[in-house]
Amino acid sequence: MLAELRGLNEECGVFGIWGHEEASQLTYYGLHALQHRGQEGAGIATKNGKGLLVKKGEGLVNEVFSGDALKGLTGHSAIGQVRYTTEEGRGAENVQPLVFRSTTGSMAIAHNGNLINAQELKESLEKQGSIFQTTSDTEVLAHLIKKSGRGALTQRDRVKKALSMLKGAFAFVLLTEEGLLIAQDPNAMRPLSLGKLGDAWVVASETCAFDLIGAETIRSVEPGELIIINDKGLQSDRFAEAGDRAMCSMEYVYFSRPDSDIDGINIHMARKRCGKQLAKEVKIEADVVTGVPDSSISAAIGFSEESGIPYELGLIKNRYVGRTFIQPTQAMRERGVKLKLSPVHQVVAGKRVVMVDDSIVRGTTSKRIVKMLRDAGATEVHVVIAAPPLVSPCFYGVDISTDSELIATNRSVDEVRDLIDADSLTFLSTEGMLKAIGRSPEMKNCGQCLACFTGEYPTEIYADTVLPHEKELAR
């Protein structure tokens, strides 16, 4: 994937397990499966009967947990997170799980998403005496739970009360000395699935983590649902009524691994159908179809099958580049394109090429890839995008630039085509994307969030909402 090169990134991936003697080891493998969701930090917290243990740090999973790092993480239950951070959210203190200790018990929290009322809640909590140690939205939940503890409320009720105050997209896993708690926002905007491994329960942002450890996928966590798992088993409760489902469309288009399923829909097959639908919406005379590795390969195969134009590996991804390319600066992204991708000259030379990609953010990467194909001898380069144009920023945890930096905002398709120097440019229609992905047509927008494509947000957007990337003017 080229997210690191063009500024399109997920915030993180979470994993949890309850009731397995190899909890920390399985969490380690689960985080490996989710590594694509965050490459700048990783952490694991375990419950060993005496309290909570935690190990975390900046880096890839195998860097943070090298050598004997897992040996000290004993216990039959664990949660973990892999993290992508914006410039504002950098620092080891923001790597999760965050662990909070008090005289009434300890708690570890890992989170995927973004709270749109975080600033408002922080200001209110600070007025009540709270002191925040991180810049992460996740810490807000811990303070709310503690503040909700006055009186004779049970832990479940305190968590429910705190969760009900949150607005935005969130998938939480919480590990306490009493159990594992799992929460999904009322619109189910972030993927979160429940699985079973023998007698142990597991939860993960993507089902590919279950496949790696040999777990069975049971179901998706429901909107507004709070799941409590302890020695008595699993109980399902609610902290909020379910709203309109609004799963992030970019999970299907770009973020999730092709071998994952979201709400029963396989990502590879959904992307392949998007490619087929795109070929139905545009007619191009060309000699070869190629996809930008890796997330666009499925759509490219679908486009080839439907159009009848042969598919070839016209672009090769270098899988052995060091982590330096991940640094979110414009200069590093520019060098990163050549580090990450190479054209196959004999495939594209003298050919009319259809280049399939999943999205265009700023357009700088697309322009360089088009130039790369031309320099390799392509006589024409037709760019087709297996999603609608990105025209609006995301407030829900996806690092999509402010609208002033999105190339498709306030520009026509022809203007964008000229800017990236393509012979033609085609985006998949919104209707075609919804049809191809295949979620229920009975739900609003087929149960998907379309905000980045339409500017219509599924939740209230607070006046003081601050995008994590608004301060990254250098990007």
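Trainee: Let's start with E93. Between which two strands does its loop lie?

Mentor: Keep in mind that this is a predicted model. E93 is in a loop, with one strand at residues 77-83 and another at 98-102. Those two strands, on either side of the loop, are β4 and β5.

Trainee: Is E93 buried, partly exposed or exposed?

Mentor: Its relative accessibility is 42%. Buried would need under 20% and exposed over 50%. Because 42% falls in between, E93 counts as partly exposed.

Trainee: Which residues does E93 touch, if we skip its neighbours within four places in sequence?

Mentor: One of them is Q133, which is 40 residues away along the chain. Even so, the C-alpha atoms of E93 and Q133 are separated by 7.6 Å. The full set of contacts is K56, L98, Q133 and T134.

Trainee: On to strand β9. How many of its 5 residues are buried?

Mentor: β9 covers residues 193-197. The rest of the structure largely encloses this strand, and the reason is its count of buried residues: 4.

Trainee: Which strands pair with β9, and in what sense?

Mentor: Take β11, residues 216-220, where there are 4 bridges to β9 and G195 stands opposite T217. Then there's β10, residues 200-204, with 5 bridges to β9; S193 has A204 as its bridge partner there. So the partners are β10 and β11, and both pairings are antiparallel.

Trainee: Which residue in the hairpin of β9 and β10 takes a positive phi?

Mentor: That hairpin has 2 residues between its strands. The phi in question is near 65°, and the residue is G198.

Trainee: What kind of aromatic pair do F170 and F172 form?

Mentor: The structure holds 7 aromatic pairs. In this one, the ring centres are 5.6 Å apart and the planes are at 50°. Planes under 30 degrees apart would be stacked and over 60 edge-to-face, so F170 and F172 count as tilted.

Trainee: And what kind of pair do Y254 and F255 make?

Mentor: Both Y254 and F255 are buried. Their ring centres are 5.3 Å apart and the planes stand at 75°, so this pair is edge-to-face.

Trainee: Which ring has the charged end of K196 over it?

Mentor: For K122, the ring is that of F132, with the charged end 5.8 Å from its centre. For K196, the charged end is 4.5 Å from the ring centre, and the ring belongs to W201.

Notes:
Residues numbered from 1 in each chain as written. Predicted model: local features only at pLDDT ≥ 70, side-chain atom pairs only at ≥ 80, totals over all residues. Heavy atoms only, no water. Buried < 20%, exposed > 50% of the residue type's maximum accessible area, 1.4 Å probe, protein only. Contact = heavy atoms within 4.5 Å. Pairing = 2+ DSSP bridges. Phe/Tyr/Trp six-rings, centres within 6.5 Å; stacked < 30°, edge-to-face > 60°. Lys NZ or Arg CZ within 6 Å of the ring centre and 35° of its normal.
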